[in-house]
Amino acid sequence: MTATTRPAAPAASRTCAGPPQAPSRTTRTVGLVGWGAIGRVVGRALAEGAVPGAALACVVDNRVLGSDCPAPQLGFEDALQRCDLIVEAAGQAVVREWGERVLRSGTDLLIASTGALTDAGLFVRLRDAGPGRVYFTGGAVGGLDLLQAVRGLGPLDEVRLTTTKLPSTLEQPWMDERLLARLRTAEAPVEVMTGTARDVPAKFPRSTNVAASVALAVGDLDRVTVRVVADPAATRTRHLIEASGSHGAYRFEVEHRPDPANPATSQVVPHAVLRSLAALAGRTGQIL
Ligand SMILES: NC(=O)C1=CN([C@@H]2O[C@H](COP(=O)(O)OP(=O)(O)OC[C@H]3O[C@@H](n4cnc5c(N)ncnc54)[C@H](OP(=O)(O)O)[C@@H]3O)[C@@H](O)[C@H]2O)C=CC1
Ligand SMILES: O=C([O-])CC(=O)C(=O)O
């Protein structure tokens, strides 16, 4: 319900409390870092006013952006002057390089590249930095709210994430010729890596941030076992989360259409960022 549709306060309370006031809602000024698969969708939606209470003030990107970018392109320092919320949709390196500076400037930070937080030192520095506040979007996976809530009942015994993607989206500079050949000629699913959420997002920085997101919800990088599978038939990216403890068992499975321009990223991710922004902008009726 918006302020304008609320019934007027009864006269008696008006005399005690003065005239009724509309709740004060300030508009968040958003600086978007990254004009790629995620950023373009987020930026255009913000510019069209899709998130009440949040306005796109500027975009930061490595490339010179064309006239299709609906806000001025600025450098990072200038963006900090102009915004009270930075949305990172560029990569883990941006979180490492700029995260603390954003928070120290008093600007809030919404992170998509959660894999950067597998660096224990950076995690502590961002957690302790301020006065800006750091937030993470749920991105390509669901159920994180519940996994976080379950911590109130005690730790989970086991948490497993299986991520299945097209082989081309998982190729990495550190892979040897043998592994690359296996990925390129695979006719059936190939297990590319099994490790913990501490190890995997650093090895696949543009493809397995979800592992770090699950670990952020669970509160323990080492508790989350991650399997990365390359499947030549995976026209949809799949993430399966299985968790169990003495208090319950949890299973969340998603299948997403990959973004056509960047198939490493699922098409839903910018919409998850927009949902996070709506919650940060204080829009009513949001699932928190
Ligand atoms: N939490 C989640 O579920 C998910 C998280 N992600 C994260 O989001 C990131 C962005 O995804 P996506 O939009 O698909 O990626 P894209 O590669 O499509 O776009 C990223 C954009 O950011 C730019 N960029 C990279 N580094 C910098 C920098 N230092 N300063 C300014 N601009 C920069 C890139 O330019 P250039 O190419 O020239 O470097 C590019 O234009 C991914 O790298 C990943 O870490 C992605 C999917 C899911
Ligand atoms: O978009 C996805 O499905 C997941 C992804 O790229 C990531 O976690 O980095």
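The biggest nonpolar core in this predicted model runs to 70 residues, and Val87, Ala211, Val214 and Val224 have the most contacts inside it. Core here means a set of buried Ala, Val, Leu, Ile, Met, Phe, Trp, Tyr and Cys residues joined through C-beta atoms within 7 Å; buried means 20 or more other C-beta atoms within 10 Å of a residue's own, against 12 or fewer for exposed and anything in between for partly exposed, with C-beta atoms placed from the backbone. Helix α9 gives this core its largest share, eight residues. Domain 1 (28–139 + 269–280) and domain 2 (144–256) both put residues into the core, so it lies between them. Ala211 touches Leu161, Ala197, Val200, Pro201, Val224 and Val226, leaving aside residues up to four places away in sequence; a contact is a pair of backbone-placed C-beta atoms within 7 Å.

A word on conventions: local features need pLDDT of at least 70 and side-chain atom pairs count only at pLDDT 80 or more, while totals for chains, interfaces and linings use all residues. Residues are numbered from 1 along each chain as its sequence is written, with chains lettered from A and ligands numbered from 1 in the order in which they are written.

As for the domains, whose bounds come from an automatic or database domain assignment, the centres of domain 1 and domain 2 sit 24 Å apart, taken over C-alpha atoms. Where they meet, 11 residues of domain 1 are in contact with 14 of domain 2. The domain 1 side of that meeting has three nonpolar, eight polar and no charged residues. In this split, Ala, Val, Leu, Ile, Met, Phe, Trp, Tyr, Cys and Pro are nonpolar, Asp, Glu, Lys and Arg are charged, and the others, Gly among them, are polar.

Both domains also show up around ligand 1, each with at least three residues in its shell. There are 29 residues around this ligand, with Gly34, Gly36, Ser113, Gly139 and Thr265 coming nearest; a residue makes the list if its backbone-placed C-beta atom lies within 6 Å of the molecule. The shell splits into 13 nonpolar, 13 polar and three charged residues. Helices α2 (37–47), α4 (92–104) and α9 (209–218) each supply at least two of them, helices being DSSP runs (H or I, at least four residues) and strands likewise (E, at least two), numbered from the N terminus.

Ligand 2 has a shell of four nonpolar, seven polar and one charged residue, including Ala140, Arg206, Asn209, His256 and Thr265. Ala140 and Asn209 are also where UniProt, in an unreviewed entry, places a "binding site". They span 70 residues in sequence, yet no two of their C-alpha atoms are more than 8.9 Å apart, so they gather at one spot. Ala140 sits in the loop between β5 (134–136) and α6 (144–150) and is buried, with 22 other C-beta atoms within 10 Å. Asn209 belongs to α9 and is buried too, with 29 such neighbours; among its contacts are Ser113, Gly139 and Pro201.

The unreviewed UniProt entry also lists His239 as "active site", though such annotations may be inferred rather than shown by experiment. His239 is in strand β9 (residues 237–245) and is buried, with 25 other C-beta atoms within 10 Å. Its contacts include Ala140, Leu161 and Val210.

Terms used
Two residues are in contact if their C-beta atoms, placed from the backbone, lie within 7 Å.
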